[in-house]
Amino acid sequence: MNKLIFAAAAFALFSGSALASDANGVVTRFNADTRVITLQGGDSYTIPRDVALPSVKVGEKVSILFNDEGDVIRNVLTGPQMM
């Protein structure tokens, strides 16, 4: 029983970064002054000032990429740059 609990805890610990995901979607709103991108579905992301922000247009598909922990935006891709 203890081995099962330990295995489950180890799995949860090591899979945490695998659960962090990037955001993909269509832009419904974009505020260039505050650097906030809102995607279809209502999720909004504030892009840090140290992240390059490509030209973003409403109706365009974007990918917002996060660090391994999933808590810091590290890149924004649009159009042909998207993965």
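**Exercise 1. State what share of the chain's contacts with a separation of 6 or more comes from residues 24 or more positions apart, and place that value in the overall fold.**

Solution. Residues 24 or more positions apart account for 35% of the contacts in the chain with a separation of 6 or more; contact means heavy atoms within 4.5 Å. The model is predicted: local features need pLDDT of at least 70, side-chain atom pairs count only at pLDDT 80 or more, and totals for chains, interfaces and linings use all residues. Residues are numbered from 1 along each chain as its sequence is written, and side-chain values use heavy atoms, with hydrogens and water left out.

Next, the elements. The chain has one helix and five strands, in the order α-β-β-β-β-β along the sequence. Helices (H or I, at least four residues) and strands (E, at least two) are DSSP runs, numbered from the N terminus.

Last, burial. Of the 83 residues, 27% are buried, where buried means under 20% relative accessible area, exposed over 50%, and partly exposed in between (1.4 Å probe, protein chains only).

**Exercise 2. Describe the largest nonpolar core and identify which strand gives the largest share of this core.**

Solution. A nonpolar core is a set of buried Ala, Val, Leu, Ile, Met, Phe, Trp, Tyr and Cys residues joined through side-chain atoms within 4.5 Å. The largest one here has 13 residues, and those with the most contacts inside it are I37, L39, Y45, I47, I64 and I73. At least two core residues are supplied by each of β1 (23-31), β2 (36-39), β4 (61-66) and β5 (73-78). The largest share, three residues, comes from β4.

Then take one member. Not counting residues up to four places away in sequence, I47 touches R35, I37, L53, I73 and V76.

**Exercise 3. Decide whether T38 is buried or exposed, and list what T38 contacts.**

Solution. T38 sits in strand β2. T38 counts as buried because its relative accessibility is 5%. With neighbours within four places in sequence left aside, its contacts are V26, V27, T28, R29, D43 and S44. The side chains of T38 and S44 are joined by a polar contact of 2.9 Å.

**Exercise 4. Repeat the analysis for V26.**

Solution. V26 lies in strand β1. Its relative accessible area is 21%, so V26 is classed as partly exposed. Leaving aside neighbours within four places in sequence, V26 contacts T38, L39, Q40, G59, E60 and K61. For a distance across the sequence, take V26 and T78: they are 52 residues apart in sequence and 10.0 Å apart in space, C-alpha to C-alpha.

Conventions: A polar contact is a pair of N or O atoms within 3.5 Å; within protein, one must be able to donate a hydrogen and the other to accept it, and residues adjacent in sequence count only if both atoms are side-chain atoms.
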